[in-house]
Amino acid sequence: MSLRVSLLLPLLLCAPLAWAEEATPTDETALAAMTSPWSGSGGELGFASAHGNSSTESFNGRLKLRYTDGDWVHSMDLFGLRSSAEYTETADDGSTSRKRQTTANRYTGSAGSALQLGEHRQLTATVRYERDDFATYDRLGTFGLGYGTRLIDGERLTLDTQIGPGVRRTHNSETDENRTGLIGRGLFDLKFGMTENTELVNSLLVESGSYNTFAQNDFGVSVSMNKHFALKAGWQARYNSDVAEEKRKTDTLTTMNVVYSFK
């Protein structure tokens, strides 16, 4: 009996070790299978409220997602901005009343797919839609094809670009006119890792056609608090070359948001 136990005991001890070694992913295929295809900043929220002699409220949110499926990379970007202010109105008889007015109401959404041709090279297709109640072009939609590549590939600094033709359809809120035309589209994404938990990002989008040139620059600095949460300070500038006489060509937006990311 003692002989059988002495023979079986080493086998029983070695079996779990052998199974564990076999089940441990050591090749790239197994590691890839364990990696989620989803990535991106899952959510970005900011809210500001002021009350007293005047009352204002502002809300902005953003959702960016990225899905990788073999040689295909699909992305989505949603953004919303809404602001309102409360003010005192004085009537002709001297009586006063408090009223609230919407001062900003903008929603944008974009989606794209990219076919990887190699490391940092791809063919892209992108669609973008925008609704802005306070802009000359209150409804706008674009579709573009392009070629993307990485111009700078450093350890801490990267610069990716996309460039190509497209088509744009707009609605002019002043003249109630719909127009469709060809555009040239360019996108430039810069990322710089300042420290292990601090990142600087800058994204420039340009859509230029015969009757309007649109440019939007998003600059931000994010500081990671842990693996998933970060604080982000952002500054956005939007430019339209063709606007109504009483409207400015450039709008700016400054934000301080909480960002949730997943990988």
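**Strands in a row: worked exercises**

Strands E8 (residues 177–193) and E9 (residues 198–209) pair up antiparallel, with eleven bridges between them. A pair here needs at least two bridges found by DSSP, and strands (E, at least two residues) and helices (H or I, at least four) are DSSP runs numbered from the N terminus.

Before you start: this is a predicted model, in which local features need pLDDT of at least 70 and side-chain atom pairs pLDDT 80 or more, while totals for chains, interfaces and linings use all residues. Residues count from 1 along each chain as its sequence is written, and side-chain values use heavy atoms, without hydrogens or water.

**Exercise 1. In what order do the helices and strands come along the sequence?**

Step 1: take stock of the pieces; the protein has two helices and twelve strands.
Step 2: read along the sequence, and you get α-α-β-β-β-β-β-β-β-β-β-β-β-β.

**Exercise 2. Trace the strands from E8 through E9 to E10, looking at both pairings and both turns.**

Step 1: begin with E8 and E9, an antiparallel pair. Find Arg185, and you'll see Glu207 of E9 standing opposite.
Step 2: look at the link between these two strands, a hairpin of four residues.
Step 3: carry on from E9 to E10 (residues 213–224), where eleven bridges again hold an antiparallel pair. Pick Thr198 this time: its bridge partner is Val223 in E10.
Step 4: check the turn from E9 to E10, a hairpin through three residues.
Step 5: as you follow the strands, keep in mind that side chains in a regular strand alternate between the two faces of the sheet.

**Exercise 3. Is Ala237 buried or exposed, and which residues does it touch?**

Step 1: place Ala237, which sits in strand E11.
Step 2: get the cut-offs straight: buried is under 20% relative accessible area, exposed is over 50%, and partly exposed is in between (1.4 Å probe, protein chains only).
Step 3: Ala237 has a relative accessible area of 14%, so it is buried.
Step 4: list the neighbours by contact (heavy atoms within 4.5 Å). Leaving out residues up to four places away in sequence, Ala237 touches Ala215, Gln216, Asn217, Asp251 and Thr252.
Step 5: try a distance too: from C-alpha to C-alpha, Ala237 and Phe219 are 8.7 Å apart, with their positions 18 residues apart in sequence.

**Exercise 4. Compare the loop residues His120 and Asp176: where are they, and why does each get its accessibility class?**

Step 1: locate His120 in the loop between E4 and strand E5 (121–132). Asp176, for its part, lies in the loop between strand E7 (157–172) and E8.
Step 2: look at the backbone. Phi of His120 is near 65°, a positive value in a residue other than glycine. Phi of Asp176 is near 55°, again positive in a residue other than glycine.
Step 3: sort them by accessibility. His120 comes out at 28%, so it is partly exposed. Asp176 reaches 59%, so it counts as exposed.

**Exercise 5. Zoom out: what percentage of residues is buried, and what percentage of the contacts joins residues at least 24 apart?**

Step 1: of the 263 residues in the protein, 30% are buried.
Step 2: take the contacts between residues at least 6 apart in sequence; 44% of these join residues at least 24 apart.
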